[in-house]
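Q: Could you walk me through this structure? I'd like the overall layout and then the helix packing.

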Amino acid sequence: MTPKKKNQQPVEFSSAAVHPTPNEHRSFEPILTREQVAERLQIKASTVYELARRRSVRPMPVLKVGKYLRFRWSEIEQWLNECRRG
């Protein structure tokens, strides 16, 4: 047993630090470029751009950073599953 140092406060852990919520977990997820998404889906980068346009029936989820499009793979997977269902 180690002796307690003077004025040392006990360390407390929040449950969020041990078990992140879905939104916290997403913040650690790498952000993908249009080309990286195209490579994973084995389609052209221009097709990714067209799928992400708002006028699509079910637009692909996208993060806009200035004029650049960025994506979270977890959101793309969810979008694919929703499109497959109907």
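A short exchange on the fold and on one pair of helices follows.

Q: What kind of model is this?
A: This is a predicted model.

Q: OK. How many helices and strands does the protein have?
A: There are five helices and three strands.

Q: In what order do the elements run from the N terminus on?
A: The order is α-α-β-α-α-β-β-α.

Q: What share of the residues is buried?
A: Of the 86 residues in the protein, 16% are buried.

Q: And how much area does the protein expose?
A: About 7600 Å² is exposed, and 52% of that comes from carbon and sulfur atoms.

Q: Which share of contacts join residues at least 24 apart?
A: That share is 42%, taken among contacts between residues at least 6 apart in sequence.

Q: Switching to packing. At what angle do H3 and H5 pack?
A: Helix H3, residues 34–41, packs against helix H5, residues 73–85, at about 45 degrees. Their axes are 12 Å apart.

Q: Why is H3 called oblique to H5?
A: Because an angle of about 45 degrees is neither under 35 degrees, which would be roughly parallel, nor in the 65 to 115 range for roughly perpendicular. H3 is therefore oblique to H5.

Q: Is the crossing left-handed or right-handed?
A: H3 passes H5 in a right-handed crossing.

Q: Which residues make the contact?
A: H3 contributes Val 37, Arg 40 and Leu 41, while H5 contributes Trp 73, Ile 76 and Leu 80.

Q: How do those residues divide into nonpolar, polar and charged?
A: In the contact of H3 with H5, five are nonpolar, one is charged and none is polar. The charged one is Arg 40 of H3.

Technical notes: Residues are numbered from 1 along each chain as its sequence is written. This is a predicted model: local features need pLDDT of at least 70, side-chain atom pairs count only at pLDDT 80 or more; totals for chains, interfaces and linings use all residues. Side-chain values use heavy atoms; hydrogens and water are left out. Helices (H or I, at least four residues) and strands (E, at least two) are DSSP runs, numbered from the N terminus. Buried means under 20% relative accessible area, exposed over 50%, partly exposed in between (1.4 Å probe, protein chains only). Contact means heavy atoms within 4.5 Å. Accessible areas come from the Shrake-Rupley method with a 1.4 Å probe; for residues, only the protein chains shown count as cover. Axes are lines fitted to C-alpha atoms, for helices over the stretch in contact, and angles run from 0 to 180 degrees between N-to-C directions. Angles under 35 degrees count as roughly parallel, over 145 as roughly antiparallel, 65 to 115 as roughly perpendicular and the rest as oblique. A crossing is left-handed if the near helix is turned anticlockwise from the far one by less than a right angle, and right-handed if clockwise.
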